[in-house]
Amino acid sequence: MRLISLLCLAVLAVAPAAPPATLTAQERDAAVKYLEETSRTFVDSIENVSEAQWTFKAGPDRWSIAETAEHIAVSEGTLFQLITEKIVKGPAIPADTPKLEDKRIIEGVVDRTSKFQAPEMLRPTNRWATRDALLKDFLAERQKTIEYVKTTTEDLRSHGGPHPVMKMLDGYQWILFLGGHCARHTAQIEEVKTSPGYPAEP
């Protein structure tokens, strides 16, 4: 009996550690679908915009479509880097930390009734010489995010970081926020198109 007990202990000692908790198939599918939808809607929103429409500004303190698109594009890589290099590498979220439901994250970020000032690093500064160059880089970054969601083994649900308005978001919710941020500013592009003085189609 003692020998059997010792053998059991030996097996337990060399047994591999349990793999880290990962996203469910449903979570991956939902995030990928949302990322693909928001990407497609953004691309469609600027596809047939003329140069006059691209640079039109409804007022001195309003962004043009070009500036809004630049903000979307530069935020894409910045948010992905934040998620993969900071959030998932940080300490686990305390179990008693209150968090919003996933759907509330998306609803909150796309709701444009409240406006916020973009951080200096994410404000448009004419980083891309052409619209095609901007789109190419945006789509490359978005595909990187999609592939990450499909394949990551990081425990996105256990790690997170604070958002200035939505408080604590876990890593998966930051992915949803990334997609929602694109949707929020795509809506801003559509608002520009309805502004008085917006150039007519050539």
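**Helix α6 and the nonpolar cores**

Asp132, Lys136 and Thr151 are exposed on one side of helix α6. The opposite side of this helix, in what is a predicted model, holds Arg131, Leu134, Leu135, Phe138, Arg142, Thr145, Ile146, Tyr148 and Val149, which are buried. These buried residues lie on the same side of α6 because they cover an arc of only 160° around the axis. Their cover includes α2 (25-47), α3 (51-55), α4 (65-87) and α7 (171-193). Helix α6 itself spans residues 131-151, 21 residues in total, and reaches 30 Å from its first C-alpha to its last, close to the 30 Å expected at 1.5 Å a residue.

The protein as a whole comprises seven helices and two strands, in the order α-α-α-α-α-α-β-β-α from the N terminus. Of its 202 residues, 43% are buried. The exposed area is about 11,800 Å², with 59% of it supplied by carbon and sulfur atoms. Among contacts between residues at least 6 apart in sequence, 82% join residues at least 24 apart.

In soluble globular proteins, nonpolar side chains tend to be buried together. Here the largest nonpolar core has 23 residues, of which Trp174, Ile175 and Phe177 touch the most other members. Two or more residues of this core come from each of α2, α4, α5 (102-110), α6 and α7. The most are given by α7, with six residues. Leaving aside residues up to four places away in sequence, Phe177 touches Leu79, Ile105, Val109, His163, Met166 and Leu169. A second, separate core contains 20 residues, including Ile72, Val74, Phe138 and Val192.

The aromatic rings form four pairs. In one of them, Phe42 and Phe138 have ring centres 4.9 Å apart and planes at 75°, so the pair is edge-to-face. This pair links distant parts of the chain, since Phe42 belongs to helix α2 and Phe138 to helix α6, 96 residues apart. Phe42 and Phe138 are buried. Phe56 and Tyr198 form another pair, with ring centres 5.7 Å apart and planes at 80°, and therefore also count as edge-to-face. Distant parts of the chain are again linked: Phe56 is in the loop between α3 and α4, and Tyr198 is in the segment after α7, 142 residues apart. Both Phe56 and Tyr198 are buried.

Conventions. Residues numbered from 1 in each chain as written. Predicted model: local features only at pLDDT ≥ 70, side-chain atom pairs only at ≥ 80, totals over all residues. Heavy atoms only, no water. Helix = DSSP H or I, 4+ residues; strand = E, 2+ residues; numbered from the N terminus. Buried < 20%, exposed > 50% of the residue type's maximum accessible area, 1.4 Å probe, protein only. Contact = heavy atoms within 4.5 Å. Areas by Shrake-Rupley, 256 points an atom, 1.4 Å probe, with all protein chains shown as cover. Expected span 1.5 Å × (residues − 1). Arc of directions from axis to C-beta. Core = buried A, V, L, I, M, F, W, Y, C linked by side-chain atoms within 4.5 Å. Phe/Tyr/Trp six-rings, centres within 6.5 Å; stacked < 30°, edge-to-face > 60°.
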